[in-house]
Amino acid sequence: QVQLVESGGGLVQPGGSLRLSCSAVGSVFSIPDMGWYRQTPGKERELVATITSSGTTNYADSVKGRFTISTDNAKNTGFLQMNSLKPDDTAVYYCNANVRVPYTMRTYPYWGQGTQVTVSS
């Protein structure tokens, strides 16, 4: 009943920027918190950034000062603005959100389908 739909990945040169989007579609009341993770072949998925409904953010040391996580609560959409991209940022990026559904008001975790980000000249 709920899907997280990602968009915005692609190929960018070192030093460039990309903006990822993650929209929760379906039966959604609210999104208490959301995060972005990334994974490269042969490695575990790692945390990139998280944000709570109150706006509290947390970033991996490797992206601090370059990436910004934000949300548009009215549209149930989250964003990851990535600036000063480096080849080491190349990965599949996944959004994750705890989604509160109507009526029961229970929350459930969901993952997006992943979007490829490639940083290369």
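These exercises walk through strands, buried residues and ring contacts in one predicted model.

Residues are numbered from 1 along each chain as its sequence is written. The model is predicted, so local features need pLDDT of at least 70, side-chain atom pairs count only at pLDDT 80 or more, and totals for chains, interfaces and linings use all residues, while side-chain values use heavy atoms, with hydrogens and water left out.

**Exercise 1. An open sheet**

Task: Find the order of the four strands in the open sheet, and name its edge strands.

Solution:
- Step 1. Know the terms. Strands are DSSP runs (E, at least two residues), numbered from the N terminus. Two strands pair if DSSP finds at least two bridges between them.
- Step 2. Read the order. It is β1-β3-β8-β7, with antiparallel pairing.
- Step 3. Find the edges. β1 (2-7) and β7 (67-72) each pair on one side only.
- Step 4. Check the twist. On average, neighbouring strands here are turned by 15 degrees against each other, direction ignored. The axes behind this angle are lines fitted to C-alpha atoms, and angles run from 0 to 180 degrees between N-to-C directions.

**Exercise 2. The hairpin of β7 and β8**

Task: Trace the pairing of β7 with β8, then look at the turn.

Solution:
- Step 1. Count the bridges. Six of them join β7 to β8 (residues 77-82), in the antiparallel sense.
- Step 2. Pick out partners. Phe-67 is bridged to Met-82 in β8. Asp-72 is bridged to Thr-77 in β8.
- Step 3. Inspect the turn. Four residues lie between the strands, and Asn-76 takes a positive phi near 50 degrees.

**Exercise 3. Strand β9 and its partners**

Task: List the pairings of β9 with β4, β10 and β11.

Solution:
- Step 1. Start with β4 (residues 30-39). Eight bridges join β4 to β9, and the two run antiparallel. Met-34 stands opposite Ala-97 in β9.
- Step 2. Go on to β10 (residues 107-111). It pairs with β9 over five bridges, again antiparallel. Here Ala-97 has Tyr-110 as its bridge partner.
- Step 3. Look at the link from β9 to β10. The two form a hairpin with six residues between them. In the turn, Tyr-103 has a positive phi of about 70 degrees.
- Step 4. Add β11 (residues 115-119). Three bridges pair it with β9 in the antiparallel sense. Tyr-93 has Thr-115 as its partner in β11.
- Step 5. Judge the cover. Seven of the ten residues of β9 are buried. Buried means under 20% relative accessible area, exposed over 50%, and partly exposed in between (1.4 Å probe, protein chains only).

**Exercise 4. Three polar residues**

Task: Decide whether Asn-96, Arg-66 and Thr-56 are buried, partly exposed or exposed.

Solution:
- Step 1. Take Asn-96, in strand β9 (residues 91-100). It counts as buried because its relative accessible area is 13%. Contact means heavy atoms within 4.5 Å. Beyond four places in sequence, the residues in contact with Asn-96 include Leu-4, Asp-33 and Trp-111. A polar atom of its side chain lies 3.2 Å from the backbone oxygen of Tyr-110.
- Step 2. Take Arg-66, in the loop between β6 (57-59) and β7. Its relative accessibility is 10%, so Arg-66 is buried. Not counting residues up to four places away in sequence, Arg-66 touches Gln-81, Leu-85 and Asp-89, among others. The backbone oxygen of Ser-84 is 3.0 Å from a polar atom of the Arg-66 side chain.
- Step 3. Take Thr-56, in the loop between β5 (46-52) and β6. Thr-56 is partly exposed, because its relative accessible area is 49%. Outside four places in sequence, Thr-56 is in contact with Thr-50 and Ile-51.
- Step 4. Add its polar contact. The side chains of Thr-56 and Ser-54 are joined at 3.5 Å. A polar contact is a pair of N or O atoms within 3.5 Å; within protein, one must be able to donate a hydrogen and the other to accept it, and residues adjacent in sequence count only if both atoms are side-chain atoms.

**Exercise 5. Charges over rings**

Task: Find the rings that lie under Arg-19 and Arg-45.

Solution:
- Step 1. State the rule. A charge sits over a ring if NZ of Lys or CZ of Arg is within 6 Å of the ring centre and within 35 degrees of the ring normal.
- Step 2. Apply it to Arg-19. Its charged end sits over the ring of Phe-79, 3.9 Å from the centre.
- Step 3. Apply it to Arg-45. This residue lies over the face of Tyr-94, 3.7 Å from the ring centre.
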